[in-house]
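Got a minute to walk through a model together? Have a look at it first, then we'll go question by question.

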Amino acid sequence: MSGDFINLLADLKEEEVLKLTKERLDAKEDPLKILDDAREGMSIVGKRFAGGEYFLPELVFSGELLAQVTNLVKPHLTGEGVQQKKIGKVIIATVAGDIHDIGLNIVDFMLDVNGFEVTNMGVDVPVEKIVKAVKEIKAPVLGLSGFLTPAFDAMKETVEALEKEGLRKGLKIMIGGGQMDDEVCKYAKADAYGKDAMAAVALTKKWYGVE
Amino acid sequence: MFTRPDNWKDLTWQQKRELRLNHWISAPGIEFVSKEAAEGYKARATRLSKAAKMEIPDRVPCMIPTGWYPAKNAGVPLKKVMYDPKLMKKVWLKFVDEYDSDSFDGTLFFQARVNELMEVRTMKWPGHGLPDNAHSYQYVEGVYMQADEYDLFMKDPFDFQLRKLLPRTTGVFEPFKDERSFASYQGLPQRLMAMCLNPKFQKLFKAINEASKELPAWGKATAETTMGAAARGFPVFRGGLAVAPFDVFADNLRGTQGIVMDMFRQPDKIHEAMEFVLPQLVDGAVAMADAADCPVIMMPLHKGDDTFMSDKQFEVFYWPTFKRELLMMVEEGLIPYPVAEGAYNRRLEYISNMPKGAVAWMFDQTNMANAKKTVGKVSCIAGNVPVSIAYTKTAAEMKEYCRKLIETCAPGGGYILTGGSTYDMAQPENLRAMMEAAKEYGKY
């Protein structure tokens with residue numbers, strides 16, 4: 001049942017996944033096991049996305065399936081679930097003055113299924129809020145997203161504020177989105193530009209020294 | 001206004017296009033500031049026309065994609081310009097006076113005050129959802145049409161617009177969301193009257209009244225700026241705007257989240273609705289081109305790019321109706337000018353399947369050498385100078401980038417040097433370096 005469930009989710013079979021979830025709950029299966037399987041299914045989705053088999057529609061739809069499964073399972077959960085062991089923390093944010101979040105959320109998803117604990121600060125995040133988060137969360141990796149040209153300066157200002165606060169040393173910063181590229185990376189004094197969510201994962205893994 | 005000759009329907013698309021282009025080049029209604037300006041206009045429009053048709057012009061045309069840069073250039077915050085049409089005109093014409101380009105990129109057309117009065121929710125702009133000093137306005141993507149509303153959208157667009165779409169996108173229209181369908185009002189005018197007299201609708205009427213006083217000033221400023229640029233010799237290489245049928249839903253009505261659900265749960269509805277909007281998109285484009293005296297239809301493309309969907313999804317959802325839209329426009333003598341935002345590297349083979357010289361493509365991050373070898377054999381190609389270089393690099397580096405692009409794309413004609421996206425920010429000397437490159441390296 002578990003193996004079928006994982007593959008059905010990875011293959012995005014909505015009706016079958018929901019039917020099987022209900023059957024497993026009716027059979028009094030451990031709800032945490034169902035959620036674990038769902039995570040495994042999502043991890044396959046992530047791999048297929050990274051491998052070029054899946055694209056944005058599959059990724060977004062898998063998120064919808066996961067939300068539906070989680071909603072079905074939630075009422076059956078007793079007490080706290082066991083937290084999955086994470087490799088480490090990453091903060092991501094779309095910089096001030098920019099409200100685009102599609103890419104940001106894909107990066108969030110891909111980092112999450114690859115074992116990172118992601119703090120997604122959302123869009124139009126002012127410099128001081130990012131500084132505060134870096135200070136408090138103590139994540140060694142920061143991802144800055146931006147779609148439009150004005151994000152060039154917002155990124156630069158964010159990096160400079162982190163420098164000024166003495167937080168830049170030991171912090172790796174990656175940028176991505178819309179019109180960002182290696183030139184903008186140099187301009188903003190970030191550490192790397194990633195062209196897509198897979199690049200964000202590869203950079204984070206490299207900086208964490210895993211794989 | 002472009003008027004068709006009596007034998008219009010007997011003409012080939014090339015003949016129709018030629019009539020439209022000649023009309024554009026003849027600069028109807030434009031009073032030039034000088035003889036030089038008149039000659040400049042003709043030379044620029046001819047250069048662009050030839051490139052678009054894949055003929056060989058005197059040199060590679062260069063279009064500076066201004067975006068919101070004119071505000072930066074004048075040192076005026078974008079927020080201020082958005083609320084002041086007269087200032088907008090002054091700032092945009094200042095740009096025209098200071099920079100050479102083969103086209104005028106058009107004005108800012110964003111009436112912040114009107115949007116404010118109407119409580120527009122689909123946009124954020126400086127001081128209104130974005131920081132005061134933000135140098136852009138942005139579209140707020142959302143699910144503005146529900147999954148089960150495709151049928152209403154197609155059967156009764158007016159009802160859908162008034163009772164569903166506007167109450168979600170435009171705050172002052174909210175009272176309509178509780179109204180019953182207007183189909184039931186037939187024969188009973190008192191009911192419509194009663195609705196209008198209801199106190200909850202008064203805010204709407206007041207807002208419309210206020211906004212309608214603001215709007216003409218924008219129309220006037222925009223028209224005067226465009227005419228002013230033309231009078232100085234700079235033609236607008238755009239007669240109107242259109243989008244791909246898929247993007248009508250993926251961008252505007254259903255948003256990314258909504259369209260994805262439909263792709264898996266009700267793909268047939270998307271297809272049906274795309275068929276429904278296709279002729280309307282073409283009719284709209286024709287009407288705009290007629291009114292603007294220019295056959296070029298700019299088409300910003302979004303959700304069909306390399307990263308958004310797979311080849312299979314592009315083949316099924318995006319390309320078939322979009323391709324027909326392009327061909328229908330071509331048949332009317334228009335020049336579709338799709339702006340492939342993002343990357344179109346995996347789309348090049350599909351889009352090469354077009355009549356020779358019928359379409360002009362602008363590319364953003366697409367590999368231009370590959371574009372030249374594929375779609376460049378049948379269509380004019382344009383673009384690819386990154387805004388990052390225009391803003392963060394030196395003029396020498398900008399010029400060098402343009403030189404390489406010209407070497408790659410210009411041979412045989414059919415190339416327009418321009419940005420990969422609009423330049424909302426740039427270094428002034430880099431914009432001048434772009435034009436220098438076209439003049440120095442782009443001679444045929």
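## Domains first

The domain assignment splits chain B into domain 1 (8-64 + 99-104 + 234-441) and domain 2 (110-230). Keep in mind that this is a predicted model.

Q: What distance separates the centres of domain 1 of chain B and domain 2 of chain B?
A: The assignment gives chain B domain 1 (8-64 + 99-104 + 234-441) and domain 2 (110-230). They touch, with 28 residues of domain 1 of chain B in contact with 21 residues of domain 2 of chain B. Taken over C-alpha atoms, the separation of their centres is 29 Å.

Q: How many residues does each domain of chain A bring to the contact?
A: In chain A the assignment gives domain 1 (2-76) and domain 2 (88-208). Their C-alpha centres lie 29 Å apart. The contact takes seven residues from domain 2 of chain A and, from domain 1 of chain A, nine residues.

Q: Is Thr107(B) buried or exposed?
A: Thr107(B) is in the loop between helix H5 (85-98) and helix H6 (112-118) of chain B. Leaving aside neighbours within four places in sequence, Thr107(B) is in contact with Met88(B), Trp92(B), Thr222(B), Thr225(B) and Thr226(B). The cut-off for buried is under 20% relative accessible area. Thr107(B) has 18%, so it counts as buried.

## Cores and rings

Q: Which helix gives the most to the largest nonpolar core?
A: That core has 156 residues, and those with the most contacts inside it are Phe246(B), Phe249(B), Trp361(B), Phe363(B) and Leu417(B). Apart from it lies another core, of 25 residues, among them Tyr41(B), Ala51(B), Met54(B) and Cys294(B). Back in the largest core, 10 residues come from the top contributor, helix H13 (residues 267-292) of chain B.

Q: How many residues apart in sequence are the parts tied together by Phe116(A) and Tyr208(A)?
A: There are 31 aromatic pairs over all chains. In this one, the ring centres are 5.4 Å apart with 45 degrees between the planes, a tilted pair. Phe116(A) belongs to strand E2 (residues 116-120) of chain A and Tyr208(A) to helix H9 (residues 197-208) of chain A, so the pair ties together parts whose separation in sequence, in residues, is 92.

Q: Which residue is partly exposed, Phe116(A) or Tyr208(A)?
A: Phe116(A) has 0% relative accessibility, so it counts as buried. A relative accessible area of 23% goes with the partly exposed one, Tyr208(A).

Q: What kind of pair do Phe246(B) and Phe317(B) make?
A: Phe246(B) sits in helix H11 (residues 245-253) of chain B and Phe317(B) in helix H14 (residues 311-331) of chain B, 71 residues apart. Both Phe246(B) and Phe317(B) are buried. They also belong to one aromatic cluster, including Phe314(B), Tyr318(B) and Trp361(B). Their ring centres are 6.1 Å apart and their planes at 55 degrees, so the pair is tilted.

Q: Which ring has the charged end of Arg4(B) over it?
A: Chain A has a charge over a ring too: Lys156(A) lies over the face of Tyr187(A), at 5.0 Å from the ring centre. For Arg4(B), the distance from the ring centre is 5.3 Å, and the ring is that of Trp8(B).

## Strands in chain B

Q: In E3(B), what is the bridge partner of Pro126(B)?
A: An open sheet of three strands runs in the order E3-E2-E4 (chain B), with mixed pairing. Strand E3 (129-130) and strand E4 (138-139) of chain B are the edge strands, each pairing on one side only. Strand E2 (residues 123-126) of chain B pairs with E3(B) in the parallel sense over two bridges. Within E3(B), the partner of Pro126(B) is Leu130(B).

Q: Which residue in E10(B) stands opposite Met63(B)?
A: On strand E10 (residues 415-418) of chain B, Tyr415(B) and Leu417(B) point one way, Ile416(B) and Thr418(B) the other, and all are buried. Strand E9 (residues 380-383) of chain B runs parallel to E10(B), joined by two bridges, and Ile381(B) has Tyr415(B) as its bridge partner there. Strand E1 (residues 62-63) of chain B is also parallel to E10(B), again with two bridges. Opposite Met63(B) stands Thr418(B).

Technical notes:
Residues numbered from 1 in each chain as written. Chains lettered and ligands numbered in written order. Predicted model: local features only at pLDDT ≥ 70, side-chain atom pairs only at ≥ 80, totals over all residues. Heavy atoms only, no water. Core = buried A, V, L, I, M, F, W, Y, C linked by side-chain atoms within 4.5 Å. Buried < 20%, exposed > 50% of the residue type's maximum accessible area, 1.4 Å probe, protein only. Helix = DSSP H or I, 4+ residues; strand = E, 2+ residues; numbered from the N terminus. Phe/Tyr/Trp six-rings, centres within 6.5 Å; stacked < 30°, edge-to-face > 60°. Lys NZ or Arg CZ within 6 Å of the ring centre and 35° of its normal. Pairing = 2+ DSSP bridges. Domains from an automatic or database assignment. Contact = heavy atoms within 4.5 Å.
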